[in-house]
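Please open the model in your viewer and keep the selection tool at hand. The stops below are meant to be followed in order.

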Amino acid sequence: MSQPIVDKLDAYWMPFTANRQFKKAPRLLTGADGMYFTDDKGRQVLDGIAGLWCVNAGHNRPKIVEAIQKQAAELDFAPPFQMAHPKAFELAERLVELTPKGLSKVFYTNSGSESVDTALKMAIAYHRVRGEGARTRLIGRERGYHGVNFGGISVGGMVANRKMFGTMLGGVDHIRHTHDPARNAFSVGQPAHGAEFADDLEKLIALHDASTIAAVIVEPVAGSTGVLIPPQGYLQRLREICDKHGILLIFDEVITGFGRTGNPFGAQTFGVTPDLMTVAKGLTNGCVPMGAVFAKQGIYDAFMNGPEHLIEFFHGYTYSAHPLACAAALGTLDTYAEDGLLTRAGEMQDYFAQGVHSLKGEPNVIDVRNIGLVGGIELSPLPGEPAKRAFNVFLDCWEQGVLVRTTGDTVALSPPLIIERAHIDRIIDTVRAALRRAA
């Protein structure tokens with residue numbers, strides 16, 4: 001196809017996009033298969049970011065497509081309040097076979113943002129039903145990204161996502177981020193230094209008192225802020241402090257879930273089990289919007305009191321456990337299992353690490369970070385123009401037929417888990433050439 005598929009671009013207000021720049025030179029995608037998108041000019045564009053951290057199994061996978069098509073013809077919608085359909089239960093059983101031991105309950109949402117707000121509400125309500133209703137305070141982390149609903153941006157710590165939207169939720173505080181380039185620049189895998197950053201939580205506990213704190217929420221790997229890898233021992237220390245003070249630990253695994261770090265979940269990669277865990281993205285391979293919260297059995301059990309006919313947890317969504325989403329998720333799990341994708345990042349991570357770290361020494365590269373099949377290449381910003389250098393690299397790579405992502409002045413890579421070495425080589429070579437042209 002040589003002509004644009006749309007004549008007018010005015011009506012659509014695009015999310016997280018420089019709208020004016022985009023509409024001057026649109027980047028339109030019209031198809032996808034395997035490792036590649038097709039654009040409106042018929043070019044094949046290598047997907048270096050799994051769509052948006054979500055197409056972990058690659059595009060146009062037959063089992064997922066067939067599952068969605070069959071479900072649409074069989075049962076298009078089922079009300080989720082006081083009703084259900086079989087696939088919702090089948091999927092939940094399949095999912096808890098993959099989760100860290102103890103995370104045995106599944107609550108469905110429609111996105112990562114909804115999963116986060118659900119988990120925060122669960123945490124506060126859990127303490128209330130146990131008689132500790134004063135535990136309402138939530139602790140996030142600087143540079144954290146937890147979606148874009150008010151709960152998520154309140155516990156999140158990315159300034160641009162917060163500054164235009166008022167005062168946020170009350171009773172929220174933040175521990176510092178773990179980025180420490182002075183000690184950890186160009187670390188391969190988990191940095192050696194920084195476990196002590198977790199002790200910030202003890203300072204906040206001393207300030208607010210543990211009896212007021214419901215939960216701490218962190219991403220095992222902070223993705224959207226530029227791929228910040230947890231220092232060795234850091235997550236273990238957070239777990240210890242939360243256990244000591246009766247505080248719930250929430251992992252936001254919307255990005256790290258479903259194979260990104262070499263295990264089904266980042267919790268398994270790093271050897272730390274949270275009390276609640278949020279997922280989305282890779283749950284359905286990005287094909288149908290869906291998210292979920294995994295909860296420990298004890299959290300669920302705390303709500304199961306009182307008369308049996310009464311609702312225990314006043315929360316949910318019209319599209320919770322949507323039949324098409326459940327079908328897509330089941331097809332996705334089948335595909336992951338058939339191709340061994342939930343552990344494939346572990347098999348490919350050494351070669352991927354060699355590739356991203358080979359960019360050390362290229363113009364303006366000040367740090368490279370990696371774990372599993374996710375990498376971040378941090379660039380020095382153009383004076384007075386933050387984020388522009390990385391955006392120029394993004395545009396250059398697009399012109400060369402490779403899709404990367406930028407956040408601030410970091411180029412992020414998170415390719416589909418089906419990636420082969422030749423794909424890694426092309427992505428790295430394309431980024432390298434773009435860095436040199438941007439110098």
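This tour of a predicted model goes through its cavities and then turns to a sheet.

Begin with the whole structure, in which a search finds 3 cavities of 30 Å³ or more. The largest cavity holds about 120 Å³ of space, and to find it you can select H179, N184, P191, I229 and R369, which are the closest to its centre among the 13 residues that line it.

Next, colour α7 (181-184) and β11 (365-371), since each of these elements supplies at least two residues of the lining of the largest cavity. Strand β11 gives the largest share of that lining, with 3 residues. If you then colour the lining by residue class, you should find 5 nonpolar, 5 polar and 3 charged residues around the largest cavity.

Now move to the second largest cavity, whose volume is about 60 Å³. Select R141, T178, E219, A222 and L228, which lie nearest its centre out of the 13 residues that line the second largest cavity. Here the lining comprises 7 nonpolar, 2 polar and 4 charged residues.

For the last stop, leave the cavities and display the strands β1, β2, β3 and β13, which in that order form an open sheet with mixed pairing. Its edges are β1 (29-33) and β13 (402-403), each of which pairs on one side only. Which strand pairs with β13 in the parallel sense? Strand β3 (residues 44-47) does, over 2 bridges, and if you select D47 you will see that this residue stands opposite L403 in β13.

Terms used. Residues numbered from 1 in each chain as written. Predicted model: local features only at pLDDT ≥ 70, side-chain atom pairs only at ≥ 80, totals over all residues. Heavy atoms only, no water. 1 Å grid on protein atoms, 1.4 Å probe; cavity = no way out; pocket = protein on both sides within 12 Å on 5 of 7 lines; lining within 4 Å. Points joined across faces, edges and corners; volume = space filled by probe spheres on them. Helix = DSSP H or I, 4+ residues; strand = E, 2+ residues; numbered from the N terminus. Nonpolar A, V, L, I, M, F, W, Y, C, P; charged D, E, K, R; others polar. Pairing = 2+ DSSP bridges.
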